Structures are given as structure tokens and as C-alpha cells.
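Let's walk through this model from the inside out. Have the viewer open and follow along.

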Amino acid sequence: MATLLLVTGLSGERPGTGSATLGYALLAFGGLALAARRRAPLTVLAVSGLCAVGYQTAGFDVLAVPYLVAVYGAVRAGHRAVTAAASVTMLVALLLTALLFHDGPVGKALAQARHALEIAWLIAAFAAGEAVRQAEERADVAERTREETARRRADEERLCIARELHDSLTHQISIIKIQSEVAIHVARRRGGPIPEALLAIQEAGREATRELRATLEALRDDETAPPRGIDHIPELVKQANKAALEVTLTVEGRPTDVPTAVSRTAYRIVQEALTNIARHTGAATASVRIDYRADSLAVHIDDDGKATLTAIPQSGLGLVGMRERVTALGGRLCAQPAPEGGFTVQAELPVERTSGSVSCSSTTSRSSAADSVHSSSLRTTSRWLPRQPTASRD
């Protein structure tokens with residue numbers, strides 16, 4: 001725009017030498033001011049108008065195109081009343097400038113003023129800015145409506161899931177809990193020893209009831225904080241030790257507050273890993289390591305079970321659930337048999353919403369069989385090995 005005004009000014013009738021330099025400067029500055037039209041539309045409107053009046057006073061008969069662009073930008077930003085008042089003031093100023101500084105008939109002076117700012121172009125710029133403003137406003141309203149509709153549907157879906165979980169699982173878990181308590185009560189009445197498995201079933205039933213209640217509360221109230229997180233991992237280790245599995249917990253780094261979603265995911269990974277170790281690996285010991293890093297939280301679970309790299313991998317919903325939770329946070333999960341025996345689960349959860357990664361290697365190198373674990377972020381080909389032929393994966 002500045003170049004266009006300068007070329008137009010140079011190609012037209014040039015004024016006297018004294019005012020020419022000032023006129024060229026105002027022509028250039030009036031065009032360059034448009035660079036800030038989005039950040040300060042009213043300031044640009046005033047500056048471009050003053051520049052137009054200035055170079056008209058200096059004798060340059062150039063159309064005030066920068067002011068028209070400034071009018072469009074100001075109206076688009078929503079300053080309609082101010083822009084209309086400024087435009088009327090601009091027209092009056094141009095008329096007065098032509099009458100005071102133009103040598104010649106009054107009619108020619110008025111024609112020059114009208115030419116500098118054509119009313120038709122001014123109305124067109126005003127109308128274009130208003131049309132774009134209304135279109136953008138409608139688009140914003142439509143976007144907010146879509147977001148509200150999606151949020152409402154998500155709320156309805158959460159409530160539906162909560163009802164289904166309550167109707168299908170609560171009854172069954174309550175039966176397991178009650179039956180285990182009855183069995184323990186009968187065993188105590190008989191005076192015989194209470195089997196450890198029965199006590200484990202009772203404790204698992206109570207824990208499942210608490211977990212289900214917390215899940216239902218979280219589904220019914222989106223602002224309810226998840227009750228289980230990284231601070232509850234020691235409880236998982238304690239429960240595993242009661243179930244005849246020796247588990248050690250190691251915390252590395254400086255413990256810091258992590259986002260709720262990261263804390264909950266770490267808890268679920270450890271919970272699922274320890275459950276799978278107890279069910280499928282035949283391990284006697286396991287280790288859980290939580291590593292607080294600068295920009296991520298690393299979780300490692302290893303065991304001394306009978307998993308081997310040569311076994312045929314089979315997928316399970318537990319590992320799929322782990323991977324989906326980790327992927328949703330932008331992290332990575334590695335779950336595979338270790339070459340020295342046992343099974344390892346490694347997860348790296350970014351503290352910020354960034355793309356994370358984790359290497360499928362621990363203190364020793366992994367073989368090429370681990371490459372299949374990373375072939376898809378949502379599909380897992382690793383499993384806990386070995387398992388009983390009739391056992392099913394959670």
C-alpha cells in the first residue's frame with residue numbers, strides 16, 4: 001500500500017519542494033501503518049486518516065486507500081460507531097483542507113476533496129467489514145454450539161455408562177463380597193484356619209466395591225477428582241504382598257505434583273501389571289519403580305516369572321487398556337518379555353501435553369522381537385507369559 005501511494009504521488013502533479021518531502025513521508029507512513037490494523041484498528045484508523053489529510057494539505061491528490069482499509073479493519077473488529085464518527089470527521093476535514101489550502105475555484109476544491117475519499121468506496125469498505133464481522137460471529141456461535149452439543153452428548157454418554165456399570169457390575173461384585181464374607185464367617189465358626197485365598201477374595205471384593213463406587217462418582221460428576229492416584233501405589237504393593245507375591249517399591253527422583261490424569265494412569269498401570277503378574281506369570285517377586293523426571297513420569301514393573309521371548313504373543317484387553325491410557329496422554333508404553341526371563345512393563349508419561357517416548361530397553365538390551373510391540377499405539381501384540389491354556393486375559 002505504501003508503494004502504491006508513493007507511485008501514485010510521483011506520477012501525479014508534484015507540489016512545491018518545501019511540502020513534497022513531508023507529503024511523500026505521509027504517503028509512505030499512511031500505507032505502512034496498516035501493518036498494525038489487527039492489533040490496534042482504531043489507532044490505525046486515526047493515523048491513516050491524519051496522513052490522508054496531511055498529504056492532501058501538502059498538495060498530493062491521491063485517493064485515501066489506506067483509510068478505506070482501516071475502516072474495513074475497524075468495522076470488522078466491531079468498532080462501528082467510532083468508525084462512522086471518524087469517517088464523518090474525515091470527510092469534513094478533507095473539505096475544509098481543500099477550501100483552505102487549494103488555489104482555485106471553490107467547486108474544483110470540493111471535487112478534489114470528494115475524489116480523495118469517495119463516499120461510495122467508504123460505504124463499501126464499511127459494509128465489507130460489517131459482513132465479515134457478522135460471518136465470523138456466526139461461525140463463533142456455531143462453534144460454541146457444536147462444542148456445547150458435543151459436551152452434552154458426552155455427559156449423556158457418561159451417565160449411560162454409569163447406569164450400565166451400576167446395573168451390571170454392582171450386583172455381581174456385591175454377591176462375591178457377601179459370599180466371601182459368609183465363607184470366612186463359617187470358617188471362623190468351625191474353628192478351622194481361614195484360607196489365604198478366601199481372605200484375598202474378601203479384600204479384592206472390598207477394593208472392587210470402592211473402585212466401582214469411585215468410578216461411578218467420577219462418571220456422574222465430571223468435576224469429581226479421581227480418588228486413586230500415584231499416592232495410592234504403596235497400597236497396591238501392600239495388597240500384592242498379602243497375596244504371596246513379594247513386591248518392592250522404589251521411588252527415584254524428587255516427588256512432585258503431577259497432573260491428575262498422569263497420576264491416575266500411573267496407578268492403573270501398576271494395578272493392571274501386578275494383577276497380571278499374580279494371575280499369569282507364576283512369579284515369586286516383582287519390583288515397581290517410579291521415576292520422577294524433569295518433564296515426565298516413568299513407571300517400570302518387572303517380575304521373575306516364566307515369560308519368554310520365543311513364545312507366541314497374544315493380545316489381552318488389560319495391555320490394550322494400558323496402551324490406550326498412555327497414548328491418550330501423549331506417552332508411550334513398552335510391555336514385553338525380558339530376555340533374562342520374566343516380564344517388563346515400561347511407561348513414560350509426559351507431565352506436559354507433549355509427545356513422549358520410551359525405549360523398550362532397560363539395563364540390558366532387548367532383542368528384535370520387541371519391535372512388534374511398537375507397531376501400533378493402540379494395538380498391542382505383547383502378553384504375559386506363560387498362561388494356563390484355559391485362562392483368559394483381563
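Leu274 touches Leu236, Val237, Ala240, Val247, Val288 and Ile301, leaving aside residues up to four places away in sequence; contact here means heavy atoms within 4.5 Å. This is a predicted model, so local features need pLDDT of at least 70 and side-chain atom pairs count only at pLDDT 80 or more, while totals for chains, interfaces and linings use all residues. Residues are numbered from 1 along each chain as its sequence is written, and side-chain values use heavy atoms, with hydrogens and water left out.

Now zoom out a little. Leu274 and Ile301 touch the most other members of the largest nonpolar core, which has 34 residues. Such a core is a set of buried Ala, Val, Leu, Ile, Met, Phe, Trp, Tyr and Cys residues joined through side-chain atoms within 4.5 Å. Buried means under 20% relative accessible area, exposed over 50%, and partly exposed in between (1.4 Å probe, protein chains only). Elements that each supply at least two residues of this core include helix H9 (233-242), helix H10 (260-281), strand E2 (285-292) and strand E3 (296-303). H10 gives the most, with eight residues. Helices (H or I, at least four residues) and strands (E, at least two) are DSSP runs, numbered from the N terminus.

Next, look at H9. Its buried residues are Ile233, Leu236, Val237 and Ala240. They sit on the same side of H9 because they cover an arc of only 100° around the axis, the arc being that of the directions from the helix axis to the C-beta atoms. Strand E1 (246-252), H10 and E2 are among what covers these buried residues. On the other side of H9, Lys238 and Lys242 are exposed. Just after the helix, Ala244 takes a positive phi of about 65°.

There's also a second, separate core of 24 residues, including Leu45, Ala70, Leu94 and Ala125.

Where does Val62 lie? Val62 is in the loop between helix H3 (41-57) and helix H4 (65-76). Loop or not, Val62 counts as buried because its relative accessibility is 3%. The C-alpha atoms of Val62 and Leu5 are separated by 7.3 Å, with these positions 57 residues apart along the chain counted as their spacing.

Finally, try Leu96, in helix H5 (residues 80-101). Is Leu96 buried, partly exposed or exposed? Leu96 counts as partly exposed, because its relative accessibility is 46%.
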